Every structure is written in structure tokens, then in C-alpha cells.
Amino acid sequence: MKRLLSLTIPLALLLPVAVNAQGTIKIGTVDMNRAFKEYNKTKDAEAKINDAKNQAKKEYDDRADAYKKALDDINNLNKQLDAPALAAEAKTQKAKERDDKIANIKNMEREINEFRQTRERQLQEQALRMREGIVKEITDVVNDNVKTKGFDFVFDKSGMSLNGVPLLMYSKDSVDFTNDVILVLNKPGRASTVSASPAASASPTTKQP
């Protein structure tokens with residue numbers, strides 16, 4: 001630790017000399033988290049993701065209801081088979097019917113699990129794809145500001161270290177251009193590259209009993 005400090009302090013002392021030799025350094029800050037939240041496309045994306053989740057839940061509930069009905073049918077057949085007055089021939093027929101339904105309900109269990117896993121993966125991929133698209137758009141606007149305003153360094157005010165400490169401990173409000181970024185992002189008629197179409201091609205289908 002002592003050796004690390006002995007190396008760090010001289011570098012800190014030399015840094016202003018190097019900066020002054022090169023001229024004034026122009027620094028800007030942007031709150032990426034705020035820009036993300038206040039970008040209209042973020043709200044649209046969240047709404048589309050929620051719609052996709054609700055649709056997936058409805059499809060899952062339909063399958064779960066069909067599974068419950070099939071299970072009730074099996075339980076009813078078991079009660080009939082336990083009836084002492086049931087003739088041998090009828091008992092054989094109902095036992096076969098029950099066994100067929102048991103085999104079918106096992107397939108339903110597998111298909112429901114596959115559906116749930118597939119849809120969860122699709123929703124995660126859709127949300128990630130949309131988030132990446134939004135972050136890229138915000139980053140592009142930030143980079144445009146860097147070019148037009150001639151910033152040498154730009155720091156994200158919302159960035160946190162691994163210890164949960166803000167990476168940027170202090171900055172003047174005058175160097176923050178988050179409002180400029182948000183205004184450009186939400187400009188009416190501005191084209192967006194964010195896609196919200198779900199990847200539903202691999203969706204399994206449950207056979208109804």
C-alpha cells in the first residue's frame with residue numbers, strides 16, 4: 001500500500017503540469033440514467049414489453065387451465081374406478097381412458113414448461129435488445145454533443161463504482177448537458193432505431209386434450 005501511494009502522489013502532482021502544457025481541458029457531464037428514463041422511447045419500450053408479458057401470461061394461463069381440466073378428468077376417473085358397483089368391462093375401459101389421459105397430461109406438463117422457458121428467454125432477449133438500442137441512441141446523441149461542443153472528456157454522472165460510490169464525486173452544473181441530450185432525443189419526428197418486435201418464432205404449442 002505504501003508503495004502504491006508513493007507512486008500515486010507524484011503522478012497527481014504532475015498531472016496539472018501536463019494539462020496546463022496542453023491548454024485548457026473542456027470537460028462535460030451527462031446523466032445517462034436520467035436520459036434513459038426521460039427518453040420517450042424508453043417509456044414506449046417498457047409499455048411494449050409489458051404488453052408482451054401480459055400476452056405471454058394469458059397464453060400460459062390458458063395452458064394451465066387446460067392442464068387443470070385434464071387433471072380433474074383423471075381424478076374423476078379414479079373415483080369411478082374405485083366404485084365397487086362398476087362392472088369389470090366398464091372398469092377396464094375407464095382404466096384405459098385414464099391411462100391415456102395420464103400420458104397426455106405428462107406431455108402437457110412438458111409443453112407448458114417448454115413454453116414458459118421459451119417465453120421467458122424471448123422476453124429477456126427482447127428487453128435486452130430494446131435497452132441496447134436505446135442506450136446506443138443516447139450514446140450517439142452524446143457523441144454528437146462532444147463533437148459540436150468540443151469536449152475533451154465526458155463523464156457519466158450516474159456511474160457508480162463497484163463499491164457503490166459515485167465515480168464522479170463533484171461537478172459544476174454548468175458543465176452538465178443532459179438537458180440538451182434529452183431535448184434532441186425527444187424531438188418530434190426524430191427517427192428511432194429501437195425495435196420492439198418480439199422473437200416469437202420458437203414458441204411451442206400445447207396440444208389440447
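Me: Which residues does Val-181 touch, not counting residues up to four places away in sequence?
Reply: This is a predicted model. Contact here means heavy atoms within 4.5 Å. With residues up to four places away in sequence left out, the residues that Val-181 touches are Val-30, Ala-35, Ile-138, Val-141, Val-142 and Asn-145.

Me: Which helix supplies the largest share of the largest nonpolar core?
Reply: The largest nonpolar core has 16 residues, and Val-181 is among those that touch the most other members. H2, H3, H4 and helix H5 (178-185) each supply at least two residues of this core. The largest share, 5 residues, comes from H4.

Me: How many residues make up the other core, with Ala-66 and Ala-70 among them?
Reply: This other core lies apart from the largest one. Ile-105 and Met-108 are also among its members. Its residue count is 5.

Me: How far apart are the end C-alpha atoms of helix H3?
Reply: Helix H3 covers residues 40-81, which is 42 residues. At 1.5 Å a residue, H3 should span 62 Å. The model agrees: the end C-alpha atoms are separated by 62 Å.

Me: What covers the buried residues of H3?
Reply: The buried residues of H3 include Ile-49, Glu-59, Arg-63 and Leu-77. Their cover includes two helices, H2 (32-38) and H4 (88-149).

Me: Is Thr-92 buried or exposed?
Reply: Thr-92 lies in helix H4. Its C-alpha atom is 8.9 Å from that of Leu-81, 11 residues away along the chain. The relative accessible area of Thr-92 is 56%, and the cut-off is over 50%, so Thr-92 is exposed.

How values were computed
Residues numbered from 1 in each chain as written. Predicted model: local features only at pLDDT ≥ 70, side-chain atom pairs only at ≥ 80, totals over all residues. Heavy atoms only, no water. Helix = DSSP H or I, 4+ residues; strand = E, 2+ residues; numbered from the N terminus. Expected span 1.5 Å × (residues − 1). Buried < 20%, exposed > 50% of the residue type's maximum accessible area, 1.4 Å probe, protein only. Core = buried A, V, L, I, M, F, W, Y, C linked by side-chain atoms within 4.5 Å.
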